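The following exercises concern a predicted model. Please attempt each task with the structure in view before reading the solution.

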Amino acid sequence: MTRALANPGNAKMLMRIAGYSIMGLSIAFPALTAAQEYPVKPIRFIAPNLPGGPTDILARLLGAKLAEAFGQPVVVENRAGAGGNIGTEVAARAPADGYTLVTGNNATFGANVSLYKSMGFDPLKDFTPVILVGTQPNILVVHPSMPVKSVKELIALAKARPGQLNYAGSGQGAAAHLAAELFKSMAKVNIVHVPYKSAAPALVDVIAGHNQLMFATALSVQPFIKSGRLRALAVTPAKRSRLFPELPTIAEAGVPGFEATTWHGVLVAAGTPAPIVTRLNAELNRALQMPDVRGRLTSLGAEIIGGTPREFADHIKTEIPKWAKIIKDANIKLD
């Protein structure tokens, strides 16, 4: 070391390296300090859908718990439009400081990439996943007049009558529509899509017998299953639903590998400091264990998941190509 310092060239090099190190620390310290002090101001929680729906309810429920934990207001902002793309784009353009959260689902971070020519954001590059909150199962239901009591019997009937069975769709490119197209593809059956603008009129026509079957949210069909006005055949997730433990999954019932759920999670802009993401993840996992939160989400038919940011990121990466293939094969377009 003494010889190195005796050489003016080496001494200058060491001083330069030391200078770079100090500069690096001076740049890193503000970001580290900001992460340690987070949050010091109100947080915006964007729900990219209309008030009253599952996305809005989720943002308000979890936002209230974050406000309690952080001692800062969490303001829910509804930015609906374009299947959730408008509000999600606002979140993508927000500063990467943890003060803007957004709820994401299987549309905005799954199917929409293939449904829309332009979304205004890249779900993989423009966001950092925080937590996968949970899933909502769909149920495959048929009108009671249908001579089938299982998925295998439905598949056999559909193959015997190609193009003669109709399924009601709750909206072009919606989760129920895509679940039915996935079923068509994997079961190799020809059933005909009858599109509706929303789930309510679609369900009414299935109950009336105008269409033979539908993939519908568990909560929407639960009372009609109990009254006998609809017959439930199976649930769409990979695991059985706690709400309907007696129903097999479609994978169990005859279509191995089938899985189609509506899921919800929380994300922040890409580049948000890791300590902030870690803290948000910890507080949201804690909130999901609270009895009042679990009770509210369960009442909505949700299966609570939680977990790490990495697990949520991996989930998103599998959803995009899965629905891209189905959308392409079925030639589904929105714009």
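**Exercise 1. Determine at what angle the axes of helix α7 and helix α13 cross, and which residues meet.**

Solution. Begin by locating the two helices: α7 comprises residues 175-187 and α13 comprises residues 309-330. Their axes come within 10 Å and cross at roughly 80°. Angles of 65 to 115 degrees count as roughly perpendicular, so α7 is roughly perpendicular to α13.

Next, list the residues in contact. From α7 these are L178, A179, E181, L182 and S185, and they meet K322, W323, I326, I327 and A330 of α13. Finally, sort the contact residues of α7 with α13 by class: seven are nonpolar, one is polar and two are charged.

**Exercise 2. Describe the largest pocket by volume, lining and residue class.**

Solution. The volume of the largest pocket is about 1,100 Å³. Its lining consists of 41 residues, and those nearest the centre are N49, S170, A174, A175 and T262.

The second step assigns the lining to elements. Those that contribute two or more residues to the largest pocket are the helices α3 (54-70), α5 (107-115), α7, α8 (199-207) and α9 (218-227), together with the strands β4 (127-142), β7 (213-217) and β9 (261-269). The last step is the division by class: the lining of the largest pocket has 21 nonpolar residues, 19 polar residues and one charged residue.

**Exercise 3. Carry out the analysis for the second largest pocket: what are its volume and its lining?**

Solution. The second largest pocket has a volume of about 300 Å³. It is lined by 14 residues, and T135, P237, K239, E303 and I305 are the closest to its centre. At least two lining residues come from each of β4 and β10 (303-304). By class, the lining of the second largest pocket comprises five nonpolar, four polar and five charged residues.

**Exercise 4. Find how many cavities of 30 Å³ or more the structure holds, and state what lines them.**

Solution. Rolling a probe the size of a water molecule over the atoms shows where empty space is left. Searching the whole structure yields two cavities of 30 Å³ or more.

Take the largest cavity first. It contains about 120 Å³ of space. Its lining is made up of P54, I57, L58, V133, G134, T135, Q136, H264, L297, L300 and A302. Both α3 and β4 supply at least two of these residues, and β4 gives the most, with four. Seven of the lining residues of the largest cavity are nonpolar, four are polar and none is charged.

Turn then to the second largest cavity, whose volume is about 60 Å³. The residues that line it are N106, A111, N138, A175, L178, A179, A260, T261, T262 and W323. Two or more of them come from each of α7 and β9, with α7 giving the most, three residues. The lining of the second largest cavity divides into six nonpolar, four polar and no charged residues.

To link this with Exercise 1, note that L178 and A179 of α7 and W323 of α13 take part in the helix contact and also line the second largest cavity.

**Exercise 5. State how many salt bridges the structure contains, and explain which parts the pair D126 and R93 ties together.**

Solution. Side chains of opposite charge can pair when their charged atoms come close. In the whole structure, 12 salt bridges are found. One salt bridge joins the side chains of D126 and R93, at 3.8 Å from N to O. To see what this pair connects, place each partner: D126 lies in the loop between α5 and β4, and R93 in the loop between α4 (85-92) and β3 (100-105), so the pair ties together parts that are 33 residues apart in sequence.

Methods
Residues numbered from 1 in each chain as written. Predicted model: local features only at pLDDT ≥ 70, side-chain atom pairs only at ≥ 80, totals over all residues. Heavy atoms only, no water. Axes fitted to C-alpha atoms, helices over the stretch in contact; angles between N-to-C directions. Parallel < 35°, antiparallel > 145°, perpendicular 65-115°, else oblique. Contact = heavy atoms within 4.5 Å. Nonpolar A, V, L, I, M, F, W, Y, C, P; charged D, E, K, R; others polar. 1 Å grid on protein atoms, 1.4 Å probe; cavity = no way out; pocket = protein on both sides within 12 Å on 5 of 7 lines; lining within 4 Å. Points joined across faces, edges and corners; volume = space filled by probe spheres on them. Salt bridge = Lys/Arg side-chain N within 4 Å of Asp/Glu carboxyl O.
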